[in-house]
Amino acid sequence: MENMNEYIGYLASAVLLLSFMMKKMTTLRIINTIGCGIFILYGSLIGSFPVVITNVAICLINLYYLLIKDKISN
């Protein structure tokens, strides 16, 4: 099972890296949020609360800009 946890961590890293290749900020935030969600799963599986807390915070920031900030600006 340890190998599966590592693969999940690698997948999360790959998705986050992919997000930074996006030109549109909205697309970057969506893909980054998916990567953070995978990191939350990974952090939970390995029992690393700093990984979970950091990625939950990043998800909340992304969701704020995706769902709330854009509606306030328009």
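Visitor: How do you know that the count of disulfides comes to zero?

Guide: In this predicted model, a disulfide would need a pair of cysteine sulfur atoms within 2.5 Å, and by this rule the count comes to zero. The sulfur of Cys-36 has its closest cysteine sulfur in Cys-59, at 4.5 Å, which is too far for a bond. Cys-59, for its part, is in no disulfide, since the nearest cysteine sulfur to it is that of Cys-36.

Visitor: What makes Cys-36 count as buried or exposed?

Guide: The cut-off for buried is a relative accessible area under 20%, and Cys-36 has a value of 1%, so Cys-36 is buried. Set against that cut-off, Cys-59 also counts as buried, because its relative accessibility is 11%.

Visitor: And why is Tyr-42 called buried?

Guide: Tyr-42 has a relative accessible area of 19%, and as buried means under 20%, Tyr-42 is therefore placed in that class. The place of this residue is in helix α2, and, not counting residues up to four places away in sequence, Tyr-42 touches Asn-5, Ile-8 and Gly-9. For the chain as a whole, 32% of the 74 residues count as buried.

Visitor: Why are α1 and α2 called roughly antiparallel?

Guide: Helix α1, which covers residues 2-19, and helix α2, which covers residues 25-46, pack at an angle of about 160°, with their axes 8 Å apart. Angles over 145 degrees count as roughly antiparallel, and therefore the two helices are described in that way. In addition, α1 passes α2 in a left-handed crossing.

Visitor: Which residues make the contact between these two helices?

Guide: From α1 they include Asn-5, Ile-8, Gly-9 and Leu-16, while from α2 they include Ile-31, Cys-36, Phe-39 and Tyr-42. By class, the contact of α1 with α2 has 16 nonpolar, six polar and no charged residues.

Visitor: What makes the pattern of the chain α-α-α?

Guide: The chain has three helices and zero strands, and when read along the sequence these elements give the pattern α-α-α. Along its principal axes, the C-alpha trace of the chain spans about 45 × 25 × 15 Å.

Visitor: How many of the contacts in the chain with a separation of 6 or more join residues 24 or more positions apart?

Guide: Residues 24 or more positions apart account for 44% of those contacts. A separate pair to look at is Tyr-42 and Met-25, which are 17 residues apart along the chain and have C-alpha atoms separated by 25 Å.

Notes
Residues numbered from 1 in each chain as written. Predicted model: local features only at pLDDT ≥ 70, side-chain atom pairs only at ≥ 80, totals over all residues. Heavy atoms only, no water. Axes fitted to C-alpha atoms, helices over the stretch in contact; angles between N-to-C directions. Helix = DSSP H or I, 4+ residues; strand = E, 2+ residues; numbered from the N terminus. Parallel < 35°, antiparallel > 145°, perpendicular 65-115°, else oblique. Left-handed = near helix turned anticlockwise from the far one by under 90°. Contact = heavy atoms within 4.5 Å. Nonpolar A, V, L, I, M, F, W, Y, C, P; charged D, E, K, R; others polar. Buried < 20%, exposed > 50% of the residue type's maximum accessible area, 1.4 Å probe, protein only.
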